Every structure is written in structure tokens, then in C-alpha cells.
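Here are some worked exercises to try with the model open beside you. Take each task first, then walk through the solution step by step.

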Amino acid sequence: MTERYDLHCHSTASDGALTPTEVVLRAADCGVTALALTDHDTTAGLFEAQQQANLVGMRLIPGIELSINWQNKCFHVVGLGIDPNYAPLANATHLLQSTRLERAEKIAFKLEQKRIPGALLAVKKAAGDGMITRSHFAAFLVAQHHVSTQQEAFDRYLAQGKSAYVSTTWAELDVAINWITESGGVAVLAHPMRYKLTANWMSRLLTAFKEAGGLGIEVITSRMNPDELRRVADYAKRFDLAGSVGSDFHNPANPWVELGRLPALPEHIKPVWELLN
Ligand code: AMP
Ligand code: MN
Ligand code: MN
Ligand code: MN
């Protein structure tokens with residue numbers, strides 16, 4: 001049987017719209033045979049996802065998407081095949097929940113100063129036991145008619161440099177990669193084209209990423225154009241990184257991004273799943 005991989009997606013454990021059970025069922029419907037659930041800074045959805053994967057006979061790869069700092073910028077690193085019970089990783093996700101709650105309090109305060117009250121209560125309610133993310137704030141701003149789309153919420157309030165932006169201290173690149181690799185996982189640079197780096201900065205980032213033990217890069221993500229795909233494949237080759245394939249699915253309401261609906265990894269790229277056991 002040929003496998004269909006999707007190694008990057010989100011559930012209600014962070015900013016996804018579907019529960020871990022629903023993500024697994026939808027992935028199965030979409031023909032995915034090997035799925036990694038990679039919620040932001042948390043592994044809380046993995047147990048439920050594994051239960052459901054067992055029921056439908058799907059391979060679930062335990063994952064996470066860690067927010068990291070490098071050179072005072074924020075990037076995302078996906079960990080694949082991690083052990084959620086590895087103590088340093090478990091401790092880190094526990095602390096990150098507080099980091100995210102404190103950040104949420106600060107974002108809500110800034111919104112209040114813009115005469116937008118009630119955000120903290122709303123995002124806490126929406127996130128439940130899961131991680132609070134800026135996506136929750138964006139949904140709140142849409143629901144309260146302060147903006148008409150989540151994109152506009154980021155552009156006007158939540159993106160870096162906007163009025164409700166709060167800079168956050170995440171784990172340093174090498175520290176986060178250590179949590180992943182020491183727990184038995186493979187570190188993959190997420191959606192490299194989304195950072196809008198110059199070629200020079202990208203080379204520096206990938207050099208640091210490799211030095212810290214990073215082994216993979218998302219060569220295939222949703223909504224890439226052919227030129228971007230070619231550029232990322234070139235970086236994978238140049239830096240001898242394995243290629244990953246992940247939709248970054250969040251919400252079925254977004255018709256542009258679906259579980260498992262991705263182009264094939266170019267044949268000259270070593271697949272990251274060959275590094276997973
Ligand atoms: P956080 O990790 O809390 O900073 O939230 C980041 C999440 O917000 C990302 O994973 C995306 O799901 C979402 N996001 C970030 N930037 C944008 C944007 N410009 N438009 C829509 N969603 C975004
Ligand atoms: Mn997200
Ligand atoms: Mn991301
Ligand atoms: Mn993601």
C-alpha cells in the first residue's frame with residue numbers, strides 16, 4: 001500500500017477547530033494513512049488521537065509544533081516521533097501554557113486600551129484546557145465585528161508591530177531542538193517560506209538549525225507556488241535536510257487547506273519518514 005502522509009496539523013489542544021478524534025477521522029476520510037498531530041507547544045491531544053488512530057487503523061506519529069526564538073525572531077519547529085512523556089519536554093510544555101496565558105493577559109489588556117473589552121474571558125473559554133493562541137484572539141475579534149476576517153485581525157491588531165502585539169520569549173532554537181531529539185524525535189523546520197527571509201537569512205537560519213541537530217524541512221506545505229517549492233527543495237538539497245510534507249490544517253472552514261491534500265515530495269528529496277521508526 002502506498003502511504004499518504006500529513007505530518008503537520010492542529011486540534012483543539014491548540015488552535016485547531018476539531019478535536020483530536022475528529023482530526024483523525026477526517027484524515028482517514030481524506031485518505032491519510034500516516035498522520036502527525038502537531039499542536040502548538042503542547043502534546044495534550046496525542047493520547048486521544050492515538051486512541052482514535054488505533055480504532056481506525058491509522059498510523060499516528062506523535063508530534064508537536066514548538067514556537068522558538070532565534071536571533072530575536074520567532075520560528076516554528078515541528079517535532080516528529082517525539083516522546084510526550086520525556087520529562088524535559090513535558091516540563092517545557094507545562095511552562096509554555098503559563099507563558100501563553102500571561103501573554104494572553106497582556107494582549108487582552110492592549111485590546112482593552114483600544115476599547116475592545118472582554119477578550120481574555122472569551123479566549124480562555126474558547127481555548128478550554130488547550131493552549132491559548134493568537135488565532136483565538138482573531139476569532140474573538142471577528143465574532144465581535146471589530147474586523148471581518150482573521151487575516152484582518154492579524155493585520156490590524158495581532159501581527160508583530162501592531163497595536164495588540166506582545167513580544168514573547170520562547171525557547172531558543174538549540175534548546176527546543178534538544179527537547180525534540182533527546183525525546184527520540186526528528187526536528188523539522190516548519191513552513192520555511194512563511195518567514196519571508198532573504199536568501200542570506202535563510203542560509204544563516206538553516207546553518208544554525210543544522211548545527212543544533214535539526215534534520216528536516218517542510219518541503220511541501222499548503223498553498224505553496226511552484227517557485228517556492230523549487231526554492232525549498234533547493235535548500236533541502238544544499239543543507240542535506242530530509243523533506244517533510246504537512247498541510248498545517250487547522251479548520252474545515254478554510255477550503256484552501258485540507259488534510260493530506262498535498263503534492264508529492266520531489267523524488268530527489270530524502271523523505272523525513274525514513275528517519276522515523
Ligand atoms: P501564536 O502561536 O499564538 O502566536 O499564534 C500563531 C498562529 O496564528 C499560527 O499558527 C496561525 O495559525 C495563526 N496566524 C499567524 N499569523 C496569521 C495571519 N497573518 N493570518 C491568519 N492566521 C495567522
Ligand atoms: Mn496555528
Ligand atoms: Mn506554524
Ligand atoms: Mn502549524
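**Exercise 1. Place Arg 100 and find its neighbours.**

Step 1. Arg 100 has a relative accessible area of 5%, so Arg 100 counts as buried (buried is under 20% relative accessible area, exposed over 50%, partly exposed in between, with a 1.4 Å probe and protein chains only).

Step 2. Look for Arg 100 in helix 3, residues 87-113 (helices, H or I of at least four residues, and strands, E of at least two, are DSSP runs numbered from the N terminus).

Step 3. Leaving aside residues up to four places away in sequence, Arg 100 touches His 40, Asp 41, Ser 67, Met 131, Ile 132, Thr 133 and Trp 170 (contact means heavy atoms within 4.5 Å).

A word on the ground rules: this is a predicted model, in which local features need pLDDT of at least 70 and side-chain atom pairs count only at pLDDT 80 or more, while totals for chains, interfaces and linings use all residues. Residues are numbered from 1 along each chain as its sequence is written, chains are lettered from A and ligands numbered from 1 in the order in which they are written, and side-chain values use heavy atoms, with hydrogens and water left out.

**Exercise 2. Which residues coordinate the manganese ion (ligand 2)?**

Step 1. Asp 15 (OD), His 40 (NE2) and His 250 (NE2) coordinate the manganese ion (ligand 2) at 2.1 to 2.2 Å. Donors are N, O and S atoms within 2.8 Å of the metal (3.2 Å for Na, K and Ca); water is not among the atoms, so sites may look incomplete.

Step 2. Read along the chain, and the spacing of these donor residues is D-x24-H-x209-H.

Step 3. Asp 15 and His 40 link distant parts of the chain: Asp 15 is in the loop between strand 1 (5-6) and helix 1 (20-29), and His 40 is in the loop between strand 2 (34-37) and helix 2 (46-56), 25 residues apart. Both Asp 15 and His 40 are buried.

Step 4. The manganese ion (ligand 3) is 5.6 Å from the manganese ion (ligand 2).

**Exercise 3. Work out the protein donors of the manganese ion (ligand 4).**

Step 1. His 8 (NE2), His 10 (NE2), Glu 65 (OE) and Asp 248 (OD) lie 2.1 to 2.2 Å from the manganese ion (ligand 4).

Step 2. Their spacing along the chain is H-x1-H-x54-E-x182-D.

Step 3. Glu 65 in strand 3 (residues 59-70) and Asp 248 in the segment after strand 8 are 183 residues apart, so this pair links distant parts of the chain. Glu 65 is buried, with a relative accessible area of 1%, and Asp 248 is buried at 9%.

Step 4. The manganese ion (ligand 4) is separated from the manganese ion (ligand 2) by 4.6 Å.

**Exercise 4. Is Thr 38 buried or exposed?**

Step 1. Start in the loop between strand 2 and helix 2, where Thr 38 has its place.

Step 2. Thr 38 is buried, with a relative accessible area of 0%.

Step 3. Not counting residues up to four places away in sequence, the residues that Thr 38 touches include His 8, His 10 and Glu 65. These three are among the donors of the manganese ion (ligand 4).

**Exercise 5. How many aromatic pairs does the structure hold?**

Step 1. There are four (rings of Phe, Tyr and Trp, the last by its six-membered ring, pair if their centres lie within 6.5 Å; planes under 30 degrees apart count as stacked, over 60 as edge-to-face and the rest as tilted).

Step 2. Tyr 5 and Trp 273 are stacked, because their ring centres are 3.8 Å apart and their planes are at 5°. Tyr 5 lies in strand 1 and Trp 273 in the segment after strand 8 (242-246), so the pair ties together parts 268 residues apart in sequence. Tyr 5 is buried at 13% relative accessible area, whereas Trp 273 is partly exposed at 21%.

Step 3. Phe 75 and Tyr 195 are edge-to-face, because their centres are 4.8 Å apart and their planes are at 80°.

Step 4. Trp 70, Phe 75, Tyr 195 and Trp 201 form one aromatic cluster.
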